[in-house]
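Ready for some practice in reading a protein structure? Take a look at the sequence and the model below, then work through the exercises at your own pace.

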Amino acid sequence: CCLLSLLSQAAHGASVSGSNTGNVTIPDAGGYVSSTIAISSAPASAVVTGIDVYFKCIHPYSGDLTVDLNADSTGNFGNRNLWNREGGSSDNPTRTTTGITTFNGLSVNRTWYLYAKDFEAGDSGYIDEWTITIYYSMSAGPPTIISPGDTSPPGPVLTTLTPQFTWNSVSGATGYGLYIRDLTTDTLLLI
């Protein structure tokens with residue numbers, strides 16, 4: 001059903017970035033192709049609070065292309081469309097998208113995927129480069145219900161609309177946000 005998470009909030013928010021300048025061919029009217037960036041330098045308990053992405057594709061017809069950001073190779077953690085067959089006959093689509101929240105609450109350290117696809121026959125191109133900046137906060141660990149509640153299996157059950165929680169503090173935090181994750185849709189909501 002659901003999972004409670006408590007995330008710290010920092011005054012300026014920490015971030016990590018990565019880039020990939022290796023060209024990946026986008027075949028003419030072919031399937032999706034991907035370029036990846038592996039992020040591993042964030043603390044182990046870091047969770048996404050926002051993402052900025054820049055990409056540049058070389059292609060003679062921008063209107064042929066879609067470009068998407070994913071947090072895994074299957075799209076199970078959500079998909080953020082960055083370019084959707086825009087620009088008509090203009091060439092070389094480029095865009096910076098800021099404030100992406102699609103992946104908030106996921107762990108930062110993972111391989112990130114930029115997907116592109118050419119939908120029309122007649123020309124091809126390539127992903128030229130892309131950069132991702134991931135803003136994060138540190139998980140304070142799962143909150144513990146201290147009053148009121150029932151701690152019998154399968155876990156704490158709230159018996160009031162005004163529960164009290166405790167948690168471990170995170171160094172440098174200026175506040176905390178209590179989130180609930182719907183485990184069927186993997187959606188994270190601020191309570």
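The exercises below concern a predicted model, and each comes with a worked solution.

**Exercise 1. Find the order of the strands in the open sheet, and decide which strands are at its edges.**

Step 1. Start with the order: the 4 strands of this open sheet run β4-β9-β6-β7, with antiparallel pairing.

Step 2. Now look for strands that pair on one side only: these are β4 and β7, the edge strands.

Step 3. Finally, consider the angle between neighbours. Neighbouring strands of this sheet are turned by 20 degrees against each other on average, with direction ignored.

As background, strands of a sheet pair through backbone hydrogen bonds, either parallel or antiparallel.

**Exercise 2. Follow β4 along its length and sort its side chains by face.**

Step 1. Recall the general pattern: in a regular strand the side chains alternate between the two faces of the sheet.

Step 2. Apply the pattern to β4. Val33, Ser35, Ile37 and Ile39 point to one face and are buried. Ser34, Thr36 and Ala38 point to the other face and are not buried.

Step 3. Add the partner strand. β4 pairs with β9 in the antiparallel sense over 7 bridges. Within β9, Leu114 stands opposite Ser35, and Thr111 stands opposite Ala38.

**Exercise 3. Describe the largest nonpolar core and say which strand gives the most to it.**

Step 1. Begin with the count: this core has 31 residues. Among those with the most contacts inside it are Trp112, Trp130 and Val108.

Step 2. Ask where the residues come from. At least two residues each are supplied by β3, β4, β5, β6, β7, β9 and β10.

Step 3. Pick out the top contributor: β5 gives the most, with 6 residues.

Step 4. Zoom in on Val108. Leaving aside neighbours within four places in sequence, Val108 is in contact with eight residues' worth of surroundings that include Val16, Ile39, Val48 and Ile134.**Exercise 4. What surrounds Asp64, and which side chain of opposite charge is nearest to it?**

Step 1. Locate the residue: Asp64 lies in the loop between β5 (46–58) and β6 (65–70).

Step 2. Check its charge partners. Asp64 is buried but has no salt bridge. The nearest side chain of opposite charge is Arg85, 5.2 Å away. A salt bridge needs the charged atoms within 4 Å, so this pair does not count as one.

Step 3. List its contacts. Beyond its neighbours within four places in sequence, Asp64 touches residues including His59, Arg85, Lys117 and Phe119.

Step 4. Turn to Phe119, in the loop between β9 (110–118) and β10 (125–138). Its contacts, again leaving aside neighbours within four places in sequence, are Tyr32, Asp64, Thr66 and Arg85. The C-alpha atoms of Phe119 and Leu65 are 6.3 Å apart, although 54 residues separate the two along the chain.

Step 5. Is Phe119 buried or exposed? Phe119 counts as partly exposed because its relative accessibility is 33%.

**Exercise 5. Compare the phi angles of Ala29 and Arg85 with the general rule, and place both residues.**

Step 1. Recall the rule: most residues other than glycine have a negative phi.

Step 2. Read the values. Phi is near 50 degrees in Ala29 and near 55 degrees in Arg85, and each is a positive value in a residue other than glycine.

Step 3. Place them. Ala29 is in the loop between β3 (24–26) and β4 (33–39), while Arg85 is in the loop between β7 (79–84) and β8 (94–100).

Step 4. Judge their accessibility. Ala29 counts as partly exposed because its value is 41%; Arg85, at 35%, also counts as partly exposed.

Definitions and conventions. Residues are numbered from 1 along each chain as its sequence is written. This is a predicted model: local features need pLDDT of at least 70, side-chain atom pairs count only at pLDDT 80 or more; totals for chains, interfaces and linings use all residues. Side-chain values use heavy atoms; hydrogens and water are left out. Buried means under 20% relative accessible area, exposed over 50%, partly exposed in between (1.4 Å probe, protein chains only). Lys and Arg count as positive and Asp and Glu as negative; His and the chain ends are not counted. Contact means heavy atoms within 4.5 Å. Two strands pair if DSSP finds at least two bridges between them. Axes are lines fitted to C-alpha atoms, for helices over the stretch in contact, and angles run from 0 to 180 degrees between N-to-C directions. A nonpolar core is a set of buried Ala, Val, Leu, Ile, Met, Phe, Trp, Tyr and Cys residues joined through side-chain atoms within 4.5 Å.
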